[in-house]
Amino acid sequence: REYRVVKLFAKHHITGETIPESMVHNLKASKNMFAGYDLSTTALQSIIDQTLFGVQSLSSSTTSIVEQLQNKYSMVPYVPGSIWHSRFGHFVHYGAGYY
């Protein structure tokens, strides 16, 4: 994270040239590049969780519900056939049984 430390070991494997300070600066600056998107994805996952595991009865498939919620609350529209929610451990392993 600090260039004064990184430059001690970050060398090009062929030329031995030290990593440029500007590259380290840019890498540090990009660390939080998608923080807003990550937060909105977490919020979407929470909404999906509350919908799928809430007290109301489900009148359609989980995929259909995820599609509707993602299109309503996400910056990125649902991609038909993606079923990403089936790989989201929070839903698959225990759901919201602790609520």
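Which helix holds D49? D49 lies in helix α3. This is a predicted model. The chain has five helices and zero strands. Its order from the N terminus is α-α-α-α-α.

**Whole chain**

- The chain counts 99 residues, and 22% of them are buried.
- The exposed area of the chain is about 7500 Å². Carbon and sulfur atoms supply 60% of that area.
- Take the contacts in the chain with a separation of 6 or more: residues 24 or more positions apart account for 39% of them.

**Nonpolar cores**

- The largest nonpolar core has nine residues. They are L44, I48, L52, I65, V66, L69, Y78, W84 and F88.
- Helices α3 and α4 are the elements that give two or more residues to this core.
- Another core, of five residues, lies apart from the largest one. Among its members are V6, A10, I19 and V24.

**L69, a core residue in α4**

- L69 is found in helix α4 and is part of the largest nonpolar core.
- L69 counts as buried because its relative accessibility is 13%, and the cut-off for buried is under 20%.
- Leaving out residues up to four places away in sequence, L69 touches L44, I47, I48, T51 and S74. Two of these partners, L44 and I48, are also members of the largest core.
- The C-alpha atoms of L69 and I47 are 7.7 Å apart in space, while the two residues are 22 residues apart in sequence.

**Y78 and its surroundings**

- Y78 belongs to the largest nonpolar core.
- Not counting residues up to four places away in sequence, Y78 touches T63, V66, E67, Q70, N71, I83 and W84.
- Of these partners, V66 and W84 are likewise listed in the largest core.

**Buried polar side chains**

- D49 has a relative accessibility of 1% and therefore counts as buried, under the 20% cut-off.
- The D49 side chain makes a polar contact with the side chain of Q50, at 3.5 Å.
- H85 sits in the loop between α4 and α5.
- At 7% relative accessibility, H85 also falls under the 20% cut-off, so this residue counts as buried.
- A polar contact of 3.5 Å joins the side chains of H85 and T63. T63 is also one of the residues that Y78 touches.

**I83, a loop residue with positive phi**

- I83 is found in the loop between α4 (62-73) and α5 (89-94). H85 lies in the loop between α4 and α5 too.
- The phi of I83 is near 35°. This is a positive value in a residue other than glycine.
- Is I83 buried, exposed or partly exposed? With 37% relative accessibility, I83 counts as partly exposed, because partly exposed covers the range between the 20% and 50% cut-offs.
- I83 is among the residues that Y78 touches.

**Nonpolar surface patch**

- Which residues make the nonpolar surface patch of about 530 Å²? The patch is made by M33, F34, Y37, M75 and V76.
- M33 has its place in the loop between α2 (21-29) and α3 (35-52).
- M33 is exposed because its relative accessible area is 56%, and exposed means over 50%.

Key: Residues are numbered from 1 along each chain as its sequence is written. This is a predicted model: local features need pLDDT of at least 70, side-chain atom pairs count only at pLDDT 80 or more; totals for chains, interfaces and linings use all residues. Side-chain values use heavy atoms; hydrogens and water are left out. Patches are made of residues with over 30% relative accessible area and no salt bridge: like charges are joined within 9 Å, nonpolar side chains (Val, Leu, Ile, Met, Phe, Trp, Tyr) within 5 Å. Accessible areas come from the Shrake-Rupley method with a 1.4 Å probe; for residues, only the protein chains shown count as cover. A salt bridge is a side-chain nitrogen of Lys or Arg within 4 Å of a carboxyl oxygen of Asp or Glu. Helices (H or I, at least four residues) and strands (E, at least two) are DSSP runs, numbered from the N terminus. Buried means under 20% relative accessible area, exposed over 50%, partly exposed in between (1.4 Å probe, protein chains only). Contact means heavy atoms within 4.5 Å. A polar contact is a pair of N or O atoms within 3.5 Å; within protein, one must be able to donate a hydrogen and the other to accept it, and residues adjacent in sequence count only if both atoms are side-chain atoms. A nonpolar core is a set of buried Ala, Val, Leu, Ile, Met, Phe, Trp, Tyr and Cys residues joined through side-chain atoms within 4.5 Å.
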